[in-house]
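Reader: Hey, I'm new to this one. Can you walk me through it?
Author: Sure, here it comes.

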Amino acid sequence: MKVLGTSALTSTLVLLSILPQTLAVKAGDFRTCSQSGFCRRGRALASRAKEGIASWRSPYSVDPSTLSLSPEQSSFAAAVTSSLYPDVKFSLEVRLHEDGVARVRMDEVDGLKKRYDEAARWALVAEPQVSQDIKWTIGKTDARVAYGKGFELLVEFAPLRVVLRKGGKEQVVVNGRGLLHMEHFRQKAEEPAPVEPSEEGSDEQTVLKVENVRAWFEGESEDAYWEESFSGWTDSKPKGPESLSLDIDFPNHAHVYGIPQHATSLSLPTTTGEDPFFNDPYRLYNADVFEYVASATTSLYGSIPLMHAHSADSTVGVFHVVGSETWIDVAHSSAKSTETQWISESGILDLFILPGPTPADVFAQYARLTGTAPLPAHWALGYHQCRWNYVSTDDVRGVQKRFDEEDMPVDVFWLDIEYSEGHKYFMWDKKSFPDPVDMMNDVAAVGRKMVVIVDPHIKRSDDYPVYKLAQELDVLVKQKGGETDYDGWCWPGSSVWVDFFNPKSWAFWSSLFNPKQGSQWSWTDSTEDVYIWNDMNEPSVFNGPEITMPKDNVHYGGWEHRDIHNINGMILPNVTARGLVERGEIAKRPFVLTRSFFAGSQRYGAMWTGDNLGTWEHMAVGLKMTLANSIAGMPFTGSDVGGFFGNPEPEMLVRWYHVGAFAPFFRAHAHLDTKRREPYLLDEPYKGIVRDILRLRYSMLPIWYTAFRETSVTGLPIIRPHYVVFPNDPNGFALDDQYFIGSSGLLVKPVTRPDVTEETVYLPENQVYYDYFTNQAYRGAAKGKNIVVPAALHQIPLLIRGGSILPTRERPRRASSLMKNDPFTLRVALDNKSRARGELYLDDGVTFSHKDGQIVWREFVAEKEKKGKTVRLSSRDLAGANTATAVESVALATYDPQNSFARSIGGVRVEKIVVVGLISKPSSVSVEGGSQLQWEYVAGVAAGEKKEGVASVLTIKDPRVDVASDWAIVIKA
Ligand code: NOJ
């Protein structure tokens, strides 16, 4: 096996010699708040407010005489003025949506320039419907509206303050601390004119004593208003200062989560205290941070400006749709409350307040705004084998062969950048990849897929059709001034970037994947079994400021890069996915992996947490990051198994496979400089353990797929932290190392430390939980309880919550597509009252026929007779039942239980049913109205007992029922 293709090696060496700095980038190459002018200004505002705590008063107020209600009276608009700048006008609009979400928008009116106001256009799935029956009451000093289950939204006029209350208690307060500041556009030479004091207001009297009101509020000097330098780069700031500061407080909510992506715990630590690692605000500025620190507030590859605040009786969300760099300070101001300050460089104020009151409500409210993650292709839930790089077509074939020889399931082989000639994506390096289509077909022959990388930087080379086409179409990002195409350095050397904000670029890009479209050049050296990885889309620019584009670069519509930086990465996967859907005769579900993301990116594919290190810390924080992404609407997420950098020892690698197998996106990946570490290279016992882990993942694919269906229609995350599942249990609010998988009832705690033989797991309720592998029954307690479970290297703490029914497929196969007709096993884990429930969702896993009702969606229920011990287990059609959500009812409108997909799996059986925790040995087991069945019973602890120990297990072999039909089995006591 070759270690590296010659041309790949050459191009990499050339690159390294040109760009040594790319390998030396450290977190220190990125700004801290004190190195960023607008962040400094925002924080300084907060300190001045704190110092002047008694006299501080926001200068912004609503002019009630301008207030106008919309015809349906659920929205109003009004003028806002600032006592600092009486001549500057602002507009405020407050809308209430049908589901109780409030939207607050504020912009400068008739300013010298225009603030960027299109972020919501990219993030939102559709324009939200305003309520038809919620009506504002307008008073002299405020506007208020009561709605839903005890909610009240209040807009106080002077100063402007927006409050969400529930049951009379304040839940969200905007501008309560007076940190709202929308810097208006101004002339550079403008001399600060003294402001005439206003006559009214006793608090203002104190303010008036301040010689210069503006200095009081904005500070003494123009700090980095017109130009700013960092690390040898100068930002020309042609529009001058336009930042936006906003305080959003959550009285009565001790925990806040979200605003990914940061390498930190799920419950966000305070950033304003003494902790030297957490004394900078959380930064949202999509960045390619080399060797990122495993615990920090620094920004990473993606940004979702969504925060949840949580307490035992309320969950709320705030979603501030801003595309520019944003810093967020978090202060847990008391044991019960949290204060935050959001400081953005540009853009309008566009804030959604999600009232909850439960986590599930917040997920639904956010999903209605930004959409859900669509159901991916079924194979995408299998195991993905990646490395930088498989270096030739034969290398790929060799890796596939070794997986097969070792009986290790895998669905996808990935190719990183070295497949391409000189890093011109789509163009194969024909020396090492002489027969790409044959290679792809060889992989596809065993039911597998390939994913190939296509980065957004385009080599400036006249022999590169993609470059020529983009140039001719004039869809490239421009440098400052807006005339000349921006040139930067990335893997290919001198490169340009398509400006995906330009609508002309969309069809051009999508068509590259589509050989059947008209005359434009397209990727003919490909097949429909190949899918795409979009990396480096922050965008990463090796010789740019903070490894990205200069902020004064110009995009379509004349907007500066500063305005849209965080949105930039989301359009590429969108148009790539579109290309994949359009390329075939039959539309198939796309698969695109993106590194950069923004709110709404979930609509286009999966994401991963980027270049992690092969360390235990990174393994542990990757899990927390995956949870944070999941609750912020990006459910299809995971981290590089093994760690991107470094050579993990076998113990670590094994543990990392467990972490990966319990993440929605399961991919191993490794840096160019690492040793090969495909799982078949491990020695025993590690190799065997990893084989078992892979098989475990495959056996559980029905559970994962069912969870993906749920997220695609409800927005509920696939992996769920404790506060989501047990919102009233404060013990779980900070838990982020154990989590639930969908609604399945599986609770997992991957081990992320060395030398572990047992692990503590927290059980949040008075319920029985069973060890997945041994059926050992553990008992929780009403107020929560820690238990200790075995966790030697071959073991992962995996528990089934009593009351769950898990569908699995237990026959080991080489790829998931080969499991299509495999029979199912049902594991019935009885709860304290001898009941259980579970779901199974199936469809063809490939096309969009599920949207036409070509599905099988079953509910399994086990119930015990009221008096007596007989248990009845039944299977019924859920798709036909009236339980569909609004989204589903569209898809289910055409549902027919006899649909052709259901018929195609008509013969697929349930081959085994395992009932755990029965009270006693049955006297008979039979299909209701049918024959007696064969079974075995091993006595043990019953579900409802107080005892711990191995539970009783009834195994029904070949129950002679089909998975897609209605049936019942009676287990007679
Ligand atoms: C950076 C990505 O994060 C990494 O996964 C990839 O291997 C390299 N780029 C090379 O494409």
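Reader: Let's begin with the ligand. How far is an oxygen atom of the ligand from an N or O atom in the side chain of aspartate 611?
Author: That distance is 2.4 Å. A polar contact here is a pair of N or O atoms within 3.5 Å; within protein, one must be able to donate a hydrogen and the other to accept it, and residues adjacent in sequence count only if both atoms are side-chain atoms.

Reader: And how much of the ligand does the protein cover?
Author: On its own the ligand has 290 Å² of accessible area, and the protein covers 98% of that (areas come from the Shrake-Rupley method with a 1.4 Å probe; for residues, only the protein chains shown count as cover).

Reader: Hang on, where do these numbers come from?
Author: This is a predicted model, where local features need pLDDT of at least 70 and side-chain atom pairs count only at pLDDT 80 or more, while totals for chains, interfaces and linings use all residues. Residues are numbered from 1 along each chain as its sequence is written, and side-chain values use heavy atoms, leaving out hydrogens and water.

Reader: Okay. How many residues surround the ligand?
Author: There are 13, and the closest are Asp416, Asp535, Arg595, Asp611 and His669 (a residue is near if one of its heavy atoms lies within 4 Å). The side chain of aspartate 416 has an N or O atom 2.5 Å from a ligand oxygen. For aspartate 535, the partner is a ligand nitrogen, at 2.7 Å.

Reader: New topic: helices. At what angle do H12 and H13 pack?
Author: About 5°, with the axes of H12 (residues 616-631) and H13 (residues 650-661) 11 Å apart. Axes are lines fitted to C-alpha atoms, for helices over the stretch in contact, and angles run from 0 to 180 degrees between N-to-C directions. Helices (H or I, at least four residues) and strands (E, at least two) are DSSP runs, numbered from the N terminus.

Reader: So what do you call that arrangement of H12 and H13?
Author: That angle makes H12 roughly parallel to H13 (angles under 35 degrees count as roughly parallel, over 145 as roughly antiparallel, 65 to 115 as roughly perpendicular and the rest as oblique).

Reader: Any odd peptide bonds? Which residues does a cis one join?
Author: Tryptophan 388 and asparagine 389 are joined by one, with omega about 20°. Another cis bond runs from glycine 356 to proline 357, with omega near 10°. Proline 357 sits in the loop between strand E20 (349-354) and helix H6 (359-370).
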